[in-house]
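Please take a moment with the sequence and the structure shown below, and keep both at hand while reading. The paragraphs that follow go from place to place in the fold.

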Amino acid sequence: MSNSAETTSKRPLRVAIVGAGPAGVYAADILTKSNEVRDGDFEVSIDLFEAYPAPYGLIRYGVAPDHPRIKGIVNALHKVLDRGDIRFLGNVTYGRDLTLHDFRAFYDAVIFSTGAIKDAELAIPGIGLEGSFGGADFVSWYDGHPDVGRDWPLEAKEIAVIGNGNVALDVARMLVKHADELLVTEIPDNVYQALKNSPATDVHVFGRRGPAQVKFTPLELRELSHAKDVDIVLYPEDFEFDEASDEAIRTNNQIRTMVNTLTNWLVEEHAEAEEPSSRRLHLHFLHSPVEIYDDPAHPGKVAGIKFERMQLDGTGNAKGTGEFLDYPVQAVYRAIGYHGSPLDELEYDAKRGVIPNEGGRVLDAEGNPFPGIYATGWIKRGPVGLIGHTKGDALETIGFLLEDRLTLPPAQNPDPRAIIDLLEERGIEYTTWDGWIKLDAHELALGEEWSAAEDANGIVRERVKVVPREDMIEISRG
Ligand code: NAP
């Protein structure tokens, strides 16, 4: 085998990126724009793989449909992929359609940016009852994920959402908003119909710590008050602040803003005597989930949830008080964080849900860097941080890749056509960037058609998402 420095100085460095969400696209963009590539030290040839037929990962399948500002990040990612110097290959699943061995044969380096799509576990009795759901699964459903069933049981009038992060807000907002408000978004039709028929009246969001320890962001919190015909309900006994809270309020603008927002809502709620809304969104703090229980008359189905009341311990953490509180609810959604999934033939840290790595250099079973294998995004550092934070992450990973460039194990078959031949030989219906352009145009045309119909009543839907995987593939592959 020839030496890497020699090989890759004569031909472009072949890099595969697995996962075409923001993390993968940012990594591809940063690599193509790196000084070394720009200054002509070497050329790079990137293939961006995606398990779904369409690109954009979390933005298409994780961001709530009523968040057009965040969905708008797609426009920036589109520009990167539309330049033509990064090849998109969709509907290709790592570990099934292509193995690590395949990737090593065709590429000098592989970057995993597979993100996190599963719900973190919550080990309390009753978590497996009918009516107990993962928030991440619900997000996948309302975003029209191709591998999630089309039906979602929305039968509960009273619902508990566990967690005080932005996903809990997304889940609660989608459950409590009137479906007609969502019609202008890209929600799939089955989602609109199901939400329209939802009997929900009360959605309770529970945090285990206090109002100064929420993980929301100010904009997302304030947005709750924009939902029509929904009252926000808060409870004075939950407004507890310890020394650490006071310090956070004093020193952290975000926390101060959110505590002000919550406190103002609490004051307004008790001052106003307006016409009550038909739905309520309750925000509870200092409630730690203990048990989800069923009703002996309907065994196996969620009938309520028990919490222990918590108190702050001075450091911003909470401890139990020994007092327990019951809430009758017919559905429970846990939104306590996402969790990554293991990847074939790579080590996996099951506790953190990440691939063990050092700054993006993936580690082997002995804890040594696995030559030529890298990670970026949530599978690298865990499911925290906003989409923009992924850029810094990609910069770090690409920095290490560039540092290692001359010692990478060279691909045996670096010809860009060779991987396509292999996919075709294996009968894999891969999709391309041109295919996405077709699917995108098709979804926009469906939106136009819907809006022009007589019964649209002036409502304009920009896009109607195509949901089934086979339809996405058929439209993309023309
Ligand atoms: P997160 O921000 O980490 O919030 C998780 C929440 O779950 C925290 O309140 C945490 O409480 C709570 N929790 C964890 N374990 C728990 C348990 N055993 N019992 C009760 N509560 C528990 O996670 P996320 O909401 O999944 O969001 C992930 C990332 O995506 C965040 O960076 C978020 O901002 C981002 N995101 C942004 C948007 C947006 O619209 N901008 C939308 C969605 C997600 P403790 O704090 O006490 O641990």
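In which loop is the place of D229? The model is a predicted one, and in it D229 sits in the loop that runs between α11 (218-222) and β9 (230-234). The backbone of D229 has a positive phi of about 60°, although D229 is not a glycine. Most residues other than glycine have a negative phi. With a relative accessible area of 35%, D229 is partly exposed, because that value falls between the 20% under which a residue is buried and the 50% over which it is exposed.

A second residue with a positive phi is E345, which is not a glycine either and has a phi near 70°. E345 belongs to the loop between β15 (338-339) and β16 (357-358). Its relative accessible area is 52%, and E345 therefore counts as exposed, the limit for that class being over 50%.

The ligand offers another way into the structure. Around the ligand there are 24 residues, and those that come nearest are N164, N166, R208, R209 and G385. A polar side-chain atom of R208 is found 2.8 Å from an oxygen atom of the ligand, and a polar backbone atom of G385 is likewise 2.8 Å from an oxygen atom of the ligand. E220 takes part through a polar side-chain atom, which lies 3.3 Å from a nitrogen atom of the ligand.

From R208 the path leads to S288, a residue of strand β11 (residues 287-295). Leaving out residues up to four places away in sequence, S288 touches R208, K306, F307, E308 and M310. S288 counts as buried, because its relative accessibility of 16% is under 20%.

From N166, another of the residues nearest the ligand, the path leads into helix α9 (166-176). This helix is mostly covered, with 10 of its 11 residues buried, among them N166, A168, D170 and R173.

What lies between α9 and α10 (189-196) is a loop, and T185 is found in that loop. T185 has a relative accessible area of 10% and is therefore buried, as the cut-off for burial is under 20%. The side chain of T185 reaches the backbone nitrogen of I187 at 3.2 Å, and T185 is also in contact with P65, D66, R461 and R463, once its neighbours within four places in sequence are set aside.

One of these contacts, R463, leads on to the second largest pocket, since R463 is among the residues that lie nearest its centre, together with K71, G72, E186 and E462. The second largest pocket holds about 550 Å³ of space, and its lining is made up of 24 residues. By class, this lining has nine nonpolar, four polar and 11 charged residues. The helices α4 (57-61), α5 (68-71), α6 (73-82) and α17 each supply at least two residues of the lining, and α17 gives the most, with four residues.

Helix α17 (433-452) also marks one end of the last place on this route, the loop between α17 and α18 (469-477), where P468 is found. The relative accessible area of P468 is 28%, so P468 is partly exposed, between the limits of 20% and 50%. The C-alpha atoms of P468 and D39 are separated by 44 Å, and the two residues are 429 residues apart along the chain.

Notes: Residues numbered from 1 in each chain as written. Predicted model: local features only at pLDDT ≥ 70, side-chain atom pairs only at ≥ 80, totals over all residues. Heavy atoms only, no water. Buried < 20%, exposed > 50% of the residue type's maximum accessible area, 1.4 Å probe, protein only. Contact = heavy atoms within 4.5 Å. 1 Å grid on protein atoms, 1.4 Å probe; cavity = no way out; pocket = protein on both sides within 12 Å on 5 of 7 lines; lining within 4 Å. Points joined across faces, edges and corners; volume = space filled by probe spheres on them. Nonpolar A, V, L, I, M, F, W, Y, C, P; charged D, E, K, R; others polar. Near = heavy atom within 4 Å. Polar contact = N/O pair within 3.5 Å; in protein donor to acceptor, adjacent residues only side chain to side chain.
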